[in-house]
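Trainee: Got a minute? I'd like to walk through this one with you.
Mentor: Sure, put it up and ask away.

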Number of protein chains: 2
Amino acid sequence: MGMCIVNPTSQIGDRKVTSLSDGVAAPENARARPTMRHVAALAGVGVKTVSRVINGEPNVSAATIAKVTAAARTLDYQPDLHAGNLRRADGRTRTIGLLVGSVDNPFSGAVHRAVEDAALARGVAVFASSLDDDPAREQEAVSAFLRRRVDGLILTTISESQAYLAPELRRGTPVVFVDREPAGVASDTVVSDNLEGAAVATRHLLERGHRRLAYLGDRAEIRTAQARRRGFLDELGLAGIATRDIPVIENLHDIETARLAALALLERDDPPTAIFSAQNLVTIGVLHALRESGLQHAIALVGFDDVPLADLLEPGVTVVAQNPQEIGRIAAERVFARLDGDAGPAVRTVVPTRLIERGSGEIPPRERG
Amino acid sequence: MGMCIVNPTSQIGDRKVTSLSDGVAAPENARARPTMRHVAALAGVGVKTVSRVINGEPNVSAATIAKVTAAARTLDYQPDLHAGNLRRADGRTRTIGLLVGSVDNPFSGAVHRAVEDAALARGVAVFASSLDDDPAREQEAVSAFLRRRVDGLILTTISESQAYLAPELRRGTPVVFVDREPAGVASDTVVSDNLEGAAVATRHLLERGHRRLAYLGDRAEIRTAQARRRGFLDELGLAGIATRDIPVIENLHDIETARLAALALLERDDPPTAIFSAQNLVTIGVLHALRESGLQHAIALVGFDDVPLADLLEPGVTVVAQNPQEIGRIAAERVFARLDGDAGPAVRTVVPTRLIERGSGEIPPRERG
DNA sequence: CTAAGGCTTGACATCGTTGTCATGAGACGA
DNA sequence: TCGTCTCATGACAACGATGTCAAGCCTTAG
């Protein structure tokens, strides 16, 4: 074990060295993963010299660089980033953790893509996980990220408090909250203007004469959903509409529950003339329900968050669009600014929303009855 | 430096031990990340005992477990997975690398989600990267994964040959190719039945009487795109249609280029009566062009790969749907089977496609002129 | 000719953890 | 009472890399 034998033919350099061997030739088809010591032995230099060459450090002769490079290529050597990190001064893994709603939700995908683009430019890899609005998953994902020593976190959260992150924040790990604001800790946050966006959507319907509106939204415990609901209700209040009779249907977490809720709503004796759907999957569920009821041209709809192909539907779907690319871009920018030494107070960035009129939100109210 | 001072008040256990200190008290608000040695010192036990408790190894007394657990909680200790891996026998990082077309493409998102679900069940984290059909990005992503010592790879590829992976495969790293078959190496592969799917789409149009068809597809160098094109052309040949006059427009890589190509096609003197769009973004581009030309009810369309909200459009979009969830699920299953010791020959899994008739593919041919 | 300085290079300790092994305490049967 | 066994525990080396430091060589200036 670990026995050293002289094997002058197995080196690239010109000096005689002992080569690494277990005394048994490894079969060609199951070579072990080479380490720096293997490269050093093959090149006939010390491991530190290999380290210097691999990391492009100065003060290595051209001849040595050539020998080491050749040996590394011959062995298909890949440095072990984590072993290096253990000793390296900055201790950076060049890895960040990203927790989004679900990697197959278009909003999340756009955020993810923007984060990835920023990370790629800095040679940083991205762990991506789906939250699925499950508090346990949030904690597990964060824990999994931290055990892998990510340099920073970009998190969409669902649990009641993120106070469990306080020790990590004290250690200086950058954490940026996206889409939803944290509770119990202060850290950089990037969110859409949910309150104002919902108000804009609601005003849009009110201005077209609608008085019987309905709200369909996500889980009530999500602060983002609460803000959208409040924006909706506040605006009704400003318009002097009694919110007592306004249907506010919450806890719709996927297309199917939203569709069923919308169908039930449309079958009431006194259905609304306009619907505000406060999340992209909810909007899609409502679209299905309207279509099934043949009411897509009769009942107005404004959705919060854009929906794929919304412009190709008939009528086009009017939405208050978020800007997930921008959210992701800014979140990544915050993480990297912190890693670059920015020690200022927590920054809260509000990304504006944009009303996109496509038809469904411009349907006038029908007469009652 | 590294000086040890006795600090009997800073421990949870009952034995006197030297605590870790630099001789200077760290400020409360910038505590360094605790290691096992810190936990051991606080608990008044040896590091190996902490290791045993953290890893749930047997033969530790209940009292010791309690002390160590308390100390770990007090310090908010998180074990460093990579440091452990360095020494651990199996050397697994419990991490895999996933390379998809783009994390914001719905097909990729669905694959990603399925892989994540399988990985989560095993406590494995997923690095996700976007290929963007860029050969350089493929190599960089793979290299970034390997430097981080992922246990396995699930790859969508674009470069001409994946022979560069041969040494890694010899080392036993599981590699599964998804969506596109590799060249130059043999390894597990999970793909849709592109040839047959395209043939089904084409037959569907032929059976409805179309003779003037057109093909709009992705980059010609992508083998998957080649297979779809061949499926289309072969089927025309079988039907006795001269393929010389059939428009075959390739290298459409995003919605906008596809839209422009389709618009140009529709403005020809002799436009097709039916279109086969061979990729999801191309289908969306074609849908825009048809809509802009007011021809969505006049020209038949069958797309390869499903499109979000395809069922809500008018007409609904007929597609040959792939099954990205299944592709992702099987790919993950292959990786984990290999990690569990499956040393059998490379497996090629073909996931069937499914024709979904929604209206656009059932439009009959218009009379010429 | 010699001292000083710069350039190359490698030995060694170290990062945070786990595998190996030895040690000591207590239980148990003869 | 005494070995023998099991259990609980910690010292130490090792994993693959990098930081530190000293040594050797070669220039160059005095």
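Trainee: Which helices each supply at least two residues of the surface near DNA strand C?
Mentor: α2 and α4 of chain A do, and so do α2 and α4 of chain B. Keep in mind that this is a predicted model.

Trainee: Which element gives the largest share of that surface near DNA strand C?
Mentor: α4(B), with four residues.

Trainee: How many residues surround DNA strand C, and which are the closest?
Mentor: There are 26. The closest are Thr49(A), Thr64(A), Arg87(A), Ser51(B) and Tyr77(B).

Trainee: What do Thr49(A) and Thr64(A) reach on the strand?
Mentor: Phosphate oxygens. A side-chain N or O atom of Thr49(A) is 2.3 Å from a phosphate oxygen of DNA strand C. For Thr64(A), the side-chain distance to a phosphate oxygen of that strand is 2.5 Å.

Trainee: And what about Asn55(B)?
Mentor: Its side chain has an N or O atom 2.7 Å from a phosphate oxygen of DNA strand C.

Trainee: What share of the strand C atoms within 4 Å of the protein is sugar or phosphate?
Mentor: 62%. The rest belong to bases.

Trainee: How does the surface near DNA strand C split by class?
Mentor: Nine residues are nonpolar, nine are polar and eight are charged.

Trainee: OK, over to the other strand. Which residues are closest to DNA strand D?
Mentor: Met36(A), Ser51(A), Thr49(B), Arg52(B) and Thr64(B). They are among 26 residues that surround DNA strand D.

Trainee: Which helices each give at least two residues there, near DNA strand D?
Mentor: In chain A, α2 (47-54) and α4 (81-87). In chain B, α2 (47-54) and α4 (81-87) as well. The largest share near DNA strand D comes from α4(A), with four residues.

Trainee: Where does Arg87(A) point a polar atom on DNA strand D, base or backbone?
Mentor: Base. A polar side-chain atom of Arg87(A) lies 3.4 Å from a base oxygen of DNA strand D. Asp80(A) has a backbone N or O atom 2.9 Å from a phosphate oxygen of that strand. From chain B, the Asn59(B) side chain places an N or O atom 3.1 Å from a phosphate oxygen of DNA strand D.

Trainee: What share is sugar or phosphate for DNA strand D?
Mentor: Of its atoms within 4 Å of the protein, 64%. The residues near DNA strand D divide into nine nonpolar, nine polar and eight charged.

Trainee: Let's zoom out. How many helices and strands are in chain A?
Mentor: 12 helices and 14 strands.

Trainee: Is chain A compact or spread out?
Mentor: More spread out than a compact globule, because its radius of gyration is 29 Å, well over the 21 Å the globule rule gives for 369 residues. The C-alpha trace spans about 100 × 45 × 35 Å along its principal axes.

Trainee: How much of chain A counts as buried?
Mentor: 53% of its 369 residues.

Trainee: One residue to finish. Where does Thr189(A) lie?
Mentor: In strand β7 of chain A, residues 188-192.

Trainee: Buried or exposed, Thr189(A), and why?
Mentor: Buried, because its relative accessibility is 4%, and the cut-off for buried is under 20%.

Trainee: What is Thr189(A) in contact with?
Mentor: Beyond its neighbours within four places in sequence, its contacts include Phe177(A), Arg180(A) and Val347(A). A polar side-chain atom of Thr189(A) also lies 2.9 Å from the backbone oxygen of Ser187(A).

Conventions: Residues are numbered from 1 along each chain as its sequence is written. Chains are lettered from A and ligands numbered from 1 in the order in which they are written. This is a predicted model: local features need pLDDT of at least 70, side-chain atom pairs count only at pLDDT 80 or more; totals for chains, interfaces and linings use all residues. Side-chain values use heavy atoms; hydrogens and water are left out. A residue is near a molecule or strand if one of its heavy atoms lies within 4 Å of it. A polar contact is a pair of N or O atoms within 3.5 Å; within protein, one must be able to donate a hydrogen and the other to accept it, and residues adjacent in sequence count only if both atoms are side-chain atoms. Ala, Val, Leu, Ile, Met, Phe, Trp, Tyr, Cys and Pro count as nonpolar, Asp, Glu, Lys and Arg as charged, and the others, Gly among them, as polar. The radius of gyration is taken over C-alpha atoms; the globule rule is 2.2 Å times the number of residues to the power 0.38. Buried means under 20% relative accessible area, exposed over 50%, partly exposed in between (1.4 Å probe, protein chains only). Contact means heavy atoms within 4.5 Å.
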